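Q: I'd like a close look at just one part here: the surface near the DNA. Please take me through it step by step.

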Amino acid sequence: MSAQHELVWFRNDLRTIDNPALYHACQSTQPVIAIYIATPQQWHQHDDAAVKLDFWHRNLVQLEKELAELNIELHFFQHDNYQQIPDLIATICQQWAVNQVHVNAELAVNESQRDANVIERCQDIGVAYQEHHDQLLLPPASIRTKTGTPYKVFTAFSTQARQRLATPPSLYPVPNPCKKISDNATKRLSGQCQFADIHWPTVSKKIQTFWPAGQQQALTRLTEFCQQPIQHYKTDRDTPSLAGTSRLSPYLASGILSAAQCWHATLHCEMSDGVHIWQNELLWREFYKHTLIDFPQVSKHKPLKLQTEQIEWRHDKEQLAAWQNGKTGIPIVDAAMRQLLTRGWMHNRLRMIVAMFLTKHLLIDWRLGERWFMQHLIDGDLSANNGGWQWCASTGSDSVPYFRIFNPVTQSQRFDPKGAFIRHYLPELAHLSDKDIHLPSAKNRPENYPSPIVDLKRGRLRALSAFKGV
DNA sequence: TATCTGTTGAA
DNA sequence: TCAACAGAT
């Protein structure tokens, strides 16, 4: 076999637009081949949700078609975990005469360790390995305080990040079609499988309709969001009964869309508070991704404020189960948890409310909530999910002060004043008045709805004293 | 991106 | 009676 190939290894970057690894591979005059490696056991260990795996599945179908138009075949492999991957890549490189491997970096420790092992193996066999950063707006370790340390406060981080973003990151266009692969150039390898051989979970049609696959769908959402809703984002983003948020997080988390594409889209908007606040959301995401790189303990179930390890979390399986299944007796919490279970997604305001309720009023370890979210979210992303939970639990670097505890009923009255959201997810309460629906009294509570599992006032005081001790 | 409590002063 | 506010957590 004389012809050489360029190899693109797709992971969390299932798109052809603004994909630096794909773009650079296609700059070569050699034919390009693409691979995707399914690792079901690893997914299970990382608590990847069924809805997210199904979303990957559906997006891979789209990606395969889009790559075919570029004369690139997408080959599938399946292995239990990451340990076998360096050998697999080496075999592919040798048997398919690979010149260079192109990837977009993954940031968590398991993945960077896996990639470090792959790099070593590539060096052994003399194959070049090119890594790009598509998940970040700004390069790792590029945002630093005057003394050279990573930022631990969001506002300071975002000020410097915005200064850097005055020169926005460049976007990579879809590459031109590559040179075709000669027939029989890539023979079947061990571990290689048909797409249909990979065991993907099944989820409801309703969820699939709610989260359509493909980068074109993502781009349509982004464009439509930037045409109108972004201008009302300042107020509408906090109302869970409205579609006031971008709902792009699943596409960002799986790399169907890049953060750079989102940032560029905002530059074409008429500048307003709404645009600025949405940019800030992109910067929160950026902040948490940099935190993941700069403080690797985040990937290892450790809090950023190590002294919070001393907090005596309550081990109450029944209350945890009540929270997980939306049976706490606090309507806004239950409605939110049922949105998570039926949609695979939860509105951001509600994520803060339910996380605060679990970690403060119930005083249950934030890691149990973090895990439940990962197991059920279509947009589950280690850095954003961990960052959000540590923010709510007051264990993170720029998290909410421990004494600033959301009262879920007050939040409900403020952000769902007519109970529209609660009524939708808790039909058993739909008949209650706007006043009663936020916390039904014993008198008007229906039989099939539980009484509150915790007294909010007592729960709050209990959390205050538990945190005050450390 | 907070809530609770107590105080003040207008009605 | 209650809005507005300060101070504490």
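Where the protein meets strand B

A: In this predicted model, the surface near DNA strand B (near means having a heavy atom within 4 Å) is made of six nonpolar, three polar and six charged residues. Here Ala, Val, Leu, Ile, Met, Phe, Trp, Tyr, Cys and Pro count as nonpolar, Asp, Glu, Lys and Arg as charged, and the others, Gly among them, as polar.

So who gets nearest? Out of the 15 residues around DNA strand B, it's D238, R349, W391, N407 and R414. R414 also shows up when you look at the phosphates: one of its polar side-chain atoms sits 2.7 Å from a phosphate oxygen of DNA strand B. R404 has a polar side-chain atom 3.0 Å from a phosphate oxygen of that strand, and for K457 the distance is 3.4 Å. Those three pairs fit the polar contact cut-off, two N or O atoms within 3.5 Å.

Now flip to the DNA side. Of the atoms of DNA strand B within 4 Å of the protein, 67% belong to sugar or phosphate, and bases make up the rest.

Which helices help build this surface? Helix 18 (408–415) and helix 20 (456–468) each bring at least two residues, helices being DSSP runs of H or I with at least four residues, numbered from the N terminus. Helix 18 gives the largest share, four residues.

A bit of bookkeeping: residues count from 1 along each chain as written, while chains are lettered from A and ligands numbered from 1 in written order. Local features need pLDDT of at least 70 and side-chain atom pairs 80 or more, totals for chains, interfaces and linings use all residues, and side-chain values use heavy atoms, leaving out hydrogens and water.

Methods. Polar contact = N/O pair within 3.5 Å; in protein donor to acceptor, adjacent residues only side chain to side chain.
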